[in-house]
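Got the model open in your viewer? Let's walk through it stop by stop, selecting as we go.

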Amino acid sequence: MATVLNLSSIRVSNRGVDRLLNNSSSVHLRPVSVSLTRKKLIIRATETDAKEVKSQAPDKAPATDGSSINQILGIKGAAQETNKWKIRVQLMKPVTWPPLVWGVVCGAAASGNFHWNVEDVAKSIVCMMMSGPCLTGYTQTLNDWYDREIDAINEPYRPIPSGAISENEVITQIWVLFLGGIGLAGLLDVWAGHNFPVIFYLALGGSLLSYIYSAPPLKLKQNGWIGNFALGASYISLPWWAGQALFGTLTPDIIVLTILYSTAGLGIAIINDFKSIEGDRAMGLQSLPVAFGVDAAKWICVGAIDITQLSVAGYLLSVGKLYYALALLGLIIPQVVFQFQYFLKDPIKYDVKYQHDSIVVLRSGPTYL
């Protein structure tokens with residue numbers, strides 16, 4: 001009976017010499033015996049363990065079987081899309097916007113000058129648009145552009161490595177989002193009546209940090225510690241500073257405290273590295289999961305998040321703010337539960353799930369500074 005076999009598992013022997021044929025095509029074969037000038041060529045099909053093959057295959061969701069929701073959010077397991085606008089949104093990764101938007105809310109609240117009137121709400125919305133869709137979208141598109149070779153290994157169905165969007169279209173999107181973000185920043189400075197364009201320079205500095213994080217020759221993400229701290233600080237500190245500067249004064253003590261709290265952002269940034277281990281290793285990037293292994297890196301991740309917040313709770317307690325300290329501890333508890341329930345079990349499988357369930361709770365913590 002004919003059997004479908006992969007030629008990589010076919011062994012050819014001639015006088016006892018076996019040769020492994022490397023070919024990815026599948027053919028129908030049956031055992032045969034052919035006499036050629038008194039020599040016998042024997043083709044034998046060897047069995048392949050299907051479980052072994054499956055275990056070697058990377059855990060990737062093919063585009064054809066992916067989710068349309070994942071596609072529009074810009075996370076792994078996305079469906080293949082031909083609509084250019086949906087592809088553009090996918091590159092901007094809307095799933096990464098909420099932490100920045102929430103940072104603006106925290107900064108506005110911490111200023112003590114936000115009021116629930118039409119003007120202040122409108123200012124907040126514009127600041128959120130600047131921090132989220134524009135500058136975070138710029139950062140994510142830029143990162144995907146410079147990571148296209150890595151994504152070709154980890155997530156080949158993503159828009160750039162799959163060829164769903166052209167080089168010129170990607171570069172145009174990067175410039176439009178960048179100019180739109182710093183343009184909104186300048187507008188906010190004028191709107192707030194700033195003599196010094198503090199929000200504009202924050203946006204410009206954050207954009208530069210995003211560039212050197214992703215692009216050579218510096219490419220900060222090549223170093224797991226420096227790159228992840230830079231990314232985490234930009235997610236926690238910069239939107240907070242923008243929100244506070246929009247409605248109040250950005251003081252040195254707030255800058256120092258938010259940078260210290262950004263150590264927790266180091267843990268957030270590490271989460272994103274677990275899905276890219278294969279490609280990072282192939283391209284020589286020393287992300288923490290590559291440098292230390294998955295088991296060690298997951299504990300570094302949760303340690304950076306939890307120890308930072310516990311330290312801040314201790315600081316609040318030391319300055320006599322007991323209720324604020326207790327409130328922060330109350331926010332830490334569900335994060336730890338999510339860590340043991342999802343992330344520490346399998347950081348590669350549950351990275352998105354953990355971020356979705358815990359990120360809002362984590363970002364609520366800085367409001368108690």
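Start with the second largest cavity, which holds about 60 Å³ of space. To see its walls, select Ala78, Ala79, Gln80, Glu81, Ile87, Gln90, Tyr157, Arg158, Pro159, Ser162 and Ala164. Helices α3 and α7 are the elements that give two or more residues to this lining. By class, the walls have six nonpolar, three polar and two charged residues. (Ala, Val, Leu, Ile, Met, Phe, Trp, Tyr, Cys and Pro count as nonpolar, Asp, Glu, Lys and Arg as charged, and the others, Gly among them, as polar.)

A few ground rules before moving on. This is a predicted model, where local features need pLDDT of at least 70 and side-chain atom pairs count only at pLDDT 80 or more, while totals for chains, interfaces and linings use all residues. Residues are numbered from 1 along each chain as its sequence is written, and side-chain values use heavy atoms, with hydrogens and water left out. Helices (H or I, at least four residues) and strands (E, at least two) are DSSP runs numbered from the N terminus. As for the empty spaces, they come from a 1 Å grid over the protein atoms alone: a cavity is a set of points where a 1.4 Å probe fits but cannot get out, a pocket is an open set with protein on both sides within 12 Å along at least five of seven lines, and lining residues have an atom within 4 Å of a point. Points are joined across faces, edges and corners, and a volume is the space filled by probe spheres set on them.

**Next stop: Arg158 and its partners**

Keep Arg158 from that cavity lining and add Asp144. Their side chains meet in a salt bridge, 2.6 Å from N to O (a side-chain nitrogen of Lys or Arg within 4 Å of a carboxyl oxygen of Asp or Glu). The pair links distant parts of the chain, with Asp144 in helix α5 and Arg158 in the loop between α6 and α7 (159-162), 14 residues apart. Buried or exposed? Asp144 is buried at 3% relative accessible area, and Arg158 is buried too, at 2% (buried is under 20%, exposed over 50%, partly exposed in between, with a 1.4 Å probe and protein chains only). Now add Lys93: with Asp144 and Arg158 it is linked in a network of salt bridges.

**More salt bridges**

The model has seven salt bridges by this rule. For another one, select Lys84 and Glu169, whose closest N and O atoms are 3.1 Å apart. This one joins helix α3 (residues 84-92) to helix α8 (residues 167-192), across 85 residues. Lys84 is partly exposed at 32%, as is Glu169 at 22%.

Then go to Glu119 and Lys123, with 3.9 Å between the closest N and O atoms. Both sit in helix α5, four residues apart, about one turn of the helix. Glu119 is partly exposed at 41%, whereas Lys123 is buried at 9%.

**Rings**

Switch to the aromatic side chains, which give 12 aromatic pairs (rings of Phe, Tyr and Trp, using its six-membered ring, with centres within 6.5 Å; planes under 30 degrees apart are stacked, over 60 edge-to-face and the rest tilted). Pick Tyr138 and Phe178: a tilted pair, 5.5 Å centre to centre with 40° between the planes. Tyr138 is in helix α5 and Phe178 in helix α8, 40 residues apart, and both are buried. Tyr146 and Tyr211 are edge-to-face, 6.2 Å centre to centre and 85° between the planes. For a cluster, select Phe114, Trp116 and Phe247.

**Back to the empty spaces**

There are five cavities of 30 Å³ or more, and the largest holds about 240 Å³. Of its 18 lining residues, zoom to the ones closest to the centre: Leu100, Ser131, Leu135, Ser234 and Leu238. Its lining has 11 nonpolar, seven polar and no charged residues.

Finish at the largest pocket, with about 860 Å³ of space. Which residues are closest to its centre? Select Thr96, Gln140, Asn272, Lys275 and Gln355, out of 44 in the lining. Helix α17 gives the largest share, seven residues. Colour by class and you get 16 nonpolar, 15 polar and 13 charged. Domain 1 (64-249) and domain 2 (251-368) each supply at least three lining residues, with bounds from an automatic or database domain assignment.
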